[in-house]
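This report looks at how strands, a helix and nonpolar side chains are arranged in the structure shown here. Please keep the sequence and the 3D view at hand while reading.

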Amino acid sequence: MSDKQLDVLVCGSAIIDFICYTPRLPRAGETLHGHKFQKGFGGKGANQCVAAARLGSKTALIAKLGDDSFGIDYLRQLNAEHIDVEHVEQLAHQTTGIAQIAVSDNGENNIIIVVGANNLLSPKDVTNAAEHFKRAKVLICQLETPIETTLLALRQFKGVSIVNAAPAMETTPAELLQLSSIFCVNETEAALMTGMRSIDNISDANDAMRRLIEMGANTVIITLGKFGAVCGTKEAPDKFEHVQAPQVPEKLVVDTTGAGDAFIGALAHNLAKYPNRQLTEHIAAACEVASKSVQLPGTQASFPHA
């Protein structure tokens with residue numbers, strides 16, 4: 001066991017992506033011809049860990065894989081990314097999580113996940129990784145694994161924690177918001193969690209942030225795709241800031257699938273490496289990384305190196 005400090009610790013999911021590229025997304029009941037198929041490595045936890053590692057952070061992942069060929073391939077990939085996999089376990093008689101992803105020519109996507117072994121990431125796995133929690137500067141959690149494990153991870157961690165609350169929960173436990181240093185969601189997730197019909201502009205996003213802070217969040221970031229992100233804190237509940245993203249010409253947008261995870265990984269990297277910078281500076285750096293990722297196909301395959 002290493003005693004070196006970790007920049008970013010991720011407790012979360014690892015999923016194999018099966019990606020179909022098609023001129024447009026299918027309507028309900030419709031069959032379409034696609035023009036390309038790609039298998040990739042995904043899952044929000046592993047994605048965010050890889051994104052941070054490629055930027056130069058020392059990272060570790062706590063995750064579950066199946067005892068199948070996908071699990072073997074995934075462990076090999078994580079090792080190739082120089083991620084600490086001491087607490088990534090292959091489980092007997094379980095399947096590795098998979099995601100079925102459709103990506104249209106204009107970069108839009110929809111995703112169905114079957115989480116498999118990820119459902120067995122347990123509080124005991126958090127306890128077993130206690131030394132990693134002591135060594136890490138930033139913790140990232142998501143909602144693709146059991147909520148009780150996420151909550152224990154947040155209780156146990158004493159540094160800066162980021163909860164990327166995806167997939168969104170319509171009834172969000174107050175403790176999830178209260179325990180996280182930073183609560184980060186996209187506009188769709190924020191609307192679901194706050195009971196808003198939709199978030200269509202900066203004013204709507206500010207309203208959603210206000211509601212999330214009232215629900216118990218400490219610091220909120222709502223990502224808005226090509227429009228960047230907004231942020232606010234409970235210390236200044238009526239002062240919200242908008243950080244614009246670099247503009248990517250539409251003709252250069254290839255695939256938006258991994259942009260959100262690229263953002264979270266980059267945010268964690270910057271928080272760990274540059275703790276004295278302002279939050280808006282960290283968000284701007286994360287937006288830049290996400291903007292680069294949309295210009296390449298795939299999820300982890302699209303993440304830039306430092």
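## Strand pairing and the open sheet

In this predicted model, strand E6, which covers residues 97-104, runs antiparallel to strand E7 and is joined to E7 by 6 bridges. One of the residue pairs can be named, since Ala99 has Ile113 in E7 as its bridge partner.

These two strands belong to an open sheet of 4 strands, in which the order is E3-E2-E6-E7 and the pairing is mixed. Strand E3 (36-42) and strand E7 (109-114) form the edges, each of them pairing on one side only. From one strand to the next, the twist averages 20°.

## A helix across the sheet

Helix H2, made up of residues 69-80, lies across strand E2 (15-22) and strand E3, and runs at about 65° to E3.

## Nonpolar cores

In soluble globular proteins, nonpolar side chains tend to be buried together. The largest nonpolar core in this model has 48 residues, and the members that touch the most others are Leu61, Ile221, Phe263 and Ile283. Helix H9 (residues 259-273) supplies the largest share of this core, with 9 residues.

Which residues does Ile283 touch, when those up to four places away in sequence are not counted? The contacts of Ile283 are with Ile221, Ala229, Cys231, Val243, Phe263 and Leu267, and of these, Ile221 and Phe263 are themselves named with Ile283 among the residues that touch the most other core members.

Apart from the largest core lies another core, of 39 residues, which includes Ala136, Leu151, Ala190 and Ile213.

Key: Residues numbered from 1 in each chain as written. Predicted model: local features only at pLDDT ≥ 70, side-chain atom pairs only at ≥ 80, totals over all residues. Heavy atoms only, no water. Pairing = 2+ DSSP bridges. Axes fitted to C-alpha atoms, helices over the stretch in contact; angles between N-to-C directions. Contact = heavy atoms within 4.5 Å. Core = buried A, V, L, I, M, F, W, Y, C linked by side-chain atoms within 4.5 Å. Buried < 20%, exposed > 50% of the residue type's maximum accessible area, 1.4 Å probe, protein only.
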